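The report below considers how charged side chains are placed and paired in one protein chain. It begins after the sequence and coordinates shown here.

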Amino acid sequence: SIAYESVGAGAERGNAPDQWKETWDELEHMRTLHPAPVDQMGCDSFYNPAAVLKDHPDASEAEREKLARFRVLVSLILSSQTKDTENAKAMARLTAWGLTVQKIIDCGDKELDDMIRNVGFHNKKVQYLKRSAKQLVELHDGDVPKSLEALVALPGVGLKMAHLTLQAAYDVVLGVSVDTHVHRISARLGWTRNCKTPGQTAASLEEWLPRTHWRRVNNMLVGHGQTVCKPVGPNCGECTLFHKGLCKRVGLGRSGVKRSKVQTSDAESE
């Protein structure tokens, strides 16, 4: 079975942070005001059997669903160290080419590399894609598996990607998916304490965050990180969490606080 990374010495788990629900609701409101690349180009967007039908008009309903699941998996393998906008460009080339499990297996390395050259570590990802495709055929009847254990056994797929694959392809939520945005912002908000890695952050969040929120938290915090709470130079002046005193701003000091259109009184009146 999958073992979560321990939160480790010094990391704290358990009780829900004060005002977490108010913070959550305000984040949801802000996300409606700040559309992010993940909203249109995240892995959920690639599970679309109707779009598969357009590219593969002769495919049966079952085949379309399998191809849609494969698109989700491919998009996640490509997404590591890559912006959503660049990932979407590579996926557009692959789907126009007629992406299937068998075509990935049969495709030459150079041809595949040319189609995904704009993503980070494209040379490694060529091998991840080809080896994963072979594994799908040999072990899973050419389909994306429906278990964490089988997914993380695929080359280039970690626990975060496995959770996102299950959520997007099968609507199965088994845990919180934590990337660098979720890891960073959870700490800044004070939702986690002393977590050194995304694995520790996932374990800490799952201790107190209701299961009904596990799927949403990734998209919500990734989008917030892409638009407002950036790794360097977060725009706290545009963040109503800051103006309402809901963000602990752990590790930020005075950085990010600057003049803005958002005023405290305005934020509090919403």
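A residue is called buried when its relative accessible area is under 20%, exposed when it is over 50%, and partly exposed in between, with a 1.4 Å probe and protein chains only taken into account. The model is predicted, so that local features need pLDDT of at least 70 and side-chain atom pairs count only at pLDDT 80 or more, while totals for chains, interfaces and linings use all residues. Residues are numbered from 1 along each chain as its sequence is written, and side-chain values use heavy atoms, with hydrogens and water left out.

**Overall picture**

The chain has 15 helices and 0 strands, where helices are DSSP runs of H or I with at least four residues and strands are runs of E with at least two, numbered from the N terminus. Of its 270 residues, 50% count as buried. The accessible surface, obtained by the Shrake-Rupley method with a 1.4 Å probe, comes to about 13100 Å², and carbon and sulfur atoms hold 50% of that area. Among contacts (heavy atoms within 4.5 Å) with a separation of 6 or more, 63% link residues 24 or more positions apart.

**Salt bridges**

Side chains of opposite charge can pair when their charged atoms come close. With a salt bridge taken as a side-chain nitrogen of Lys or Arg within 4 Å of a carboxyl oxygen of Asp or Glu, the whole structure contains 12 of them, including the three listed here.

| Salt bridge | N to O distance |
|---|---|
| Lys21 and Asp25 | 2.8 Å |
| Asp39 and Arg31 | 2.5 Å |
| Asp113 and Arg117 | 2.6 Å |

Lys21 and Asp25 are 4 residues apart in helix 1 (residues 20–33), and are therefore separated by about one helical turn. Lys21 is partly exposed at a relative accessible area of 37%, and Asp25 is likewise partly exposed, at 40%. In the pair of Asp39 and Arg31, Asp39 is partly exposed with 32% relative accessibility, whereas Arg31 is buried with 7%. Asp113 is buried at 7% relative accessibility, while its partner Arg117 is partly exposed at 44%. Through shared partners, salt bridges join Lys110, Asp113, Asp114 and Arg117 into one network.

**A buried arginine without a salt bridge**

Which side chain of opposite charge is nearest to Arg64? Arg64, which lies in helix 4 (residues 61–79), is buried yet has no salt bridge, and the nearest such side chain is that of Glu61, 5.0 Å away. Here Lys and Arg count as positive and Asp and Glu as negative, with His and the chain ends not counted. Beyond its neighbours within four places in sequence, Arg64 is in contact with Pro49, Val52, Leu53 and Ala59.
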